[in-house]
Amino acid sequence: MNETTNIVRFRQPDTIDDPLTDILRTGARKLLAQAIEIEAEAFLASMRELKLPDGRERLVRHGHGPERTIQTGIGPVAVSRVKIRDRGDEGEDRIRFTSAILPKWARRTKSLDALLPILYLRGLSTGDFQEALSALLGKDAPNLSPSAITRLTGEWQAEYERWQVRDLSARHYVYVWADGVYLQARMEDQAECILVLIGATPEGKKELVGFQAGVRESAQSWRELLVEIKRRGLAIPPRMAVGDGALGFWKALDELFPGTHHQRCWLHKTANVLNKAPKSVQPGMKVALREIYLAPTRAQAEVAVDLFEEAYGARYPKAVECVRKDQWALLAFYDWPAEHWIHLRTTNPIESVFATVRHRTVRTKGSLSPTTARLMVFKLVMAAARSWRRLMGENQLPKVIAGVKFPDGIEIIQMPTNSAA
């Protein structure tokens, strides 16, 4: 006789009943186990020729290690490591199998390790990680405790120190972008300035070159950064540097890399010019400035500057003077390949990163130490570097290095001269 019941089990608030996720985790567990087995078999196959004196195989399977839980993007997955025994040499020449898929001490996937610092840097506090990730990774997800998150800063410090002493003797940067951001950590009386230098390689890839904390954007602070870069081996000066109007950088650059050309950032310049006019005038003034730096030739850009002066010189002479005094450096990009103009007109790669940094420091106001702030900016820049787009027209970079001239962005082709008979 079948018994019936009218008792209904209520689901706990923290429980997520998702059959699809359960299927994904089960499938992931099976696929991971198969991959580990295949990797071990491939290793043994590559060692088949190694034999013991009596003809037996030297390397054999030796069961599995204890089961452990790996935290992944779809939650915890239980796996066991394959063990392989070397029945031959017991000394230093003993062969050991190390899985590339499942390292010996791994507790989280690399993608999750990359996710955690990004969440922290974007504003999630250490105490909120467990709650925020439980819906995705399961309740009481292992290896994600607040203390584990706190240890990230120690790892960042070690990574930062290794990066700061890396060798630059084999590096060459065609262009560099320089800028600084001020961070008010905790209740410090004086904001700390983070100086950042990004370079473009001959292959067109952008990468972080220099990173240093300074009291302010002074010539001495920039000089210390550039000296350190040269000390680590950067001997070839960049062809052009892009930066704002901070005179400290340009003075230090001329001392240490005197052959580098100057290009003022139009993003900074536009903001400086608009600050010298009322808001009612700024929209039209902004359009007029765009007509200058988007002109197809230097001559047309200079005409646009004259028109800008005619339109605003009488009522807003300071705004016009702000453009005129840096006109040569603002239009320097016209002497370089046209494909590179979009990159050379602004320090946007750094500005976009700094916008995130400022957002993060506002979110953590009162709890961010100077050391943590410095490490946070470093990690944000390194994370953003993965998405930096390569330079357009990268095939032109070898020509720039060789000293080919590009008036108005067009290459001057030298015609071969016929020798006299």
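This section describes the overall fold statistics of a predicted model and the packing of helices α5 and α6.

Residues are numbered from 1 along each chain as its sequence is written. Because the model is predicted, local features need pLDDT of at least 70 and side-chain atom pairs count only at pLDDT 80 or more, whereas totals for chains, interfaces and linings use all residues, and side-chain values use heavy atoms, with hydrogens and water left out.

The average pLDDT (the predictor's confidence in each residue, from 0 to 100) of the chain is 79, and 70% of the residues score at least 70. Residues 12-16 have a pLDDT below 50, and this stretch makes two contacts (heavy atoms within 4.5 Å) beyond near neighbours in sequence. Where pLDDT is low, the predicted coordinates should not be read in detail. Of the 421 residues, 43% are buried (under 20% relative accessible area, with a 1.4 Å probe and protein chains only; exposed is over 50%, partly exposed in between).

The chain contains 15 helices and nine strands (DSSP runs, H or I of at least four residues and E of at least two, numbered from the N terminus). Helix α5 spans residues 219-231 and includes Gln220, which is partly exposed because its relative accessibility is 42%. The C-alpha atoms of Gln220 and Lys251 lie 9.3 Å apart, at a separation of 31 residues along the chain.

Helix α6 comprises residues 247-256. Residues of α5 in contact with α6 include Trp222, Leu226 and Val227, and those contributed by α6 include Phe249, Ala252 and Leu253. By class, this contact has eight nonpolar (Ala, Val, Leu, Ile, Met, Phe, Trp, Tyr, Cys and Pro), four charged (Asp, Glu, Lys and Arg) and one polar residue (the others, Gly among them).

How values were computed:
Axes are lines fitted to C-alpha atoms, for helices over the stretch in contact, and angles run from 0 to 180 degrees between N-to-C directions.
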